Amino acid sequence: MEMPFGSISRRDFMKYCATTAAVLGLSELEFAAKVSEVLAAAPGKPPVIWLEGQDCAGCSISFAGSLYPSIASMLLQRVSLRYHEALMAASGHVAEAALHETIKKGGFVLCVEGSIPTADDRFCMVGGRPFRETLEEAAAKAAAIIAVGACATYGGIPAAGPTGAVGVNKIITDKPIINISTCPVHTEHLIGTILYYLTTGKVPPLDKQGRPKMYFGELIHDNCRRRSYFDNDTFLSDWNDPNQKNWCLYEKGCKGPDTYSDCPVRRWNDGLNFCIDCGAGCMGCAEPEFYAGMTPLYTAEGERSRNIMARKKAGLIPPLKEEEA
Ligand code: SF4
Ligand code: F3S
């Protein structure tokens, strides 16, 4: 059996995408065989187009700069990335021609990074035309559409500015959009979702916000190692006091009680760490209200934080039971 892992070890690959295998109800071996079978059987490599609207390219950087570059490369070798402004070698008219040729043929996976302005198309022009028009044209012929990162999913930081920025699902309303939020995107969420689609031909089960349940099914607060301190009203007030270093970060603006993502379990940078474990509260970057609705980020003075505390006092955020903690 040809394995799809290229230069990386099978063990590393399966560890990387273990959640996807579990969600598909497959063992690691079965999943490996399935990926291999699908990719080997494809008459050509599955085509992918990656468009960028109003963004900082942070999701592209997160993907390309993964601690496991060989895994991102493995995926890139197994699909045909026809257009990506930052990663493709071609530029100018040649790049635009590749884009339009691929769109014309249809049947590609469309990844979109960045938001779309609604106040005026001129806030985001790419290749001399409104980004919105290119997005609509590509979406009409795409086999699957993945909104990558906070900006493309719900508007993100640009939505707090004057451009009327929105996510893809506010522009493309006649097709399912898979939302992979967080700022930037988590590489494992993105690769796992693409592999899910390639191996099943289906969109993974999504939550009400259009996010794959396999990655966004649980509250950060319910998996946080500081949770017992929250339940006992023990909140860190001074980052410089070593005695407080493990206490709950609510007073430092943590929005974990309102944020769904598997960050505490999956963590970031190959499980090295994540926001809360390195001492910064969760800023809610996986949620549709991020950025504006989560500010101020590092104090509990905002409406969102006050609402969290009001619910706690009303018993609506009950302490975790011993066995859950
Ligand atoms: Fe953890 Fe934040 Fe919840 Fe505190 S408020 S327990 S730091 S998720
Ligand atoms: Fe975002 Fe997860 Fe940190 S949701 S703010 S990356 S804890």
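This note covers the sheet, the helices packed on it and the surroundings of the two ligands in a predicted model.

1. The sheet is open and has 5 strands, which pair in parallel in the order β2-β1-β3-β6-β7. Its edges are formed by β2 (80-84) and β7 (177-180), each of which pairs on one side only. From one strand to the next the twist averages 20°.

2. Strand β1 covers residues 47-52 and runs parallel to β2, to which 4 bridges join it. Within this pair, Val-48 of β1 is set opposite Leu-81 of β2.

3. Two helices are placed against these strands. Helix α6, residues 92-105, lies across β1 and β2 and runs at about 125° to β2. Helix α7, residues 131-141, packs on the sheet and touches β1, β3 (109-113) and β6 (144-148). The direction of α7 makes about 160° with that of β1.

4. Around ligand 1 there are 15 residues, and those that come nearest are Cys-224, Phe-230, Cys-248, Cys-254 and Gly-256. By class, this shell holds 10 nonpolar, 3 polar and 2 charged residues.

5. The surroundings of ligand 2 include Cys-263, Cys-275, Cys-282 and Cys-285. Thr-182, Ile-220, Thr-259 and Ser-261 also belong to the residues around ligand 2, as do Phe-274, Ile-276, Met-283 and Ala-286. The shell of ligand 2 divides into 9 nonpolar and 3 polar residues, with no charged ones.

6. On charge, the two shells can be set side by side: the one around ligand 1 has 2 charged residues, whereas the one around ligand 2 has no charged residues.

Note on methods. Residues are numbered from 1 along each chain as its sequence is written. Chains are lettered from A and ligands numbered from 1 in the order in which they are written. This is a predicted model: local features need pLDDT of at least 70, side-chain atom pairs count only at pLDDT 80 or more; totals for chains, interfaces and linings use all residues. A residue is near a molecule or strand if its C-beta atom, placed from the backbone, lies within 6 Å of it. Ala, Val, Leu, Ile, Met, Phe, Trp, Tyr, Cys and Pro count as nonpolar, Asp, Glu, Lys and Arg as charged, and the others, Gly among them, as polar. Two strands pair if DSSP finds at least two bridges between them. Axes are lines fitted to C-alpha atoms, for helices over the stretch in contact, and angles run from 0 to 180 degrees between N-to-C directions. Two residues are in contact if their C-beta atoms, placed from the backbone, lie within 7 Å.
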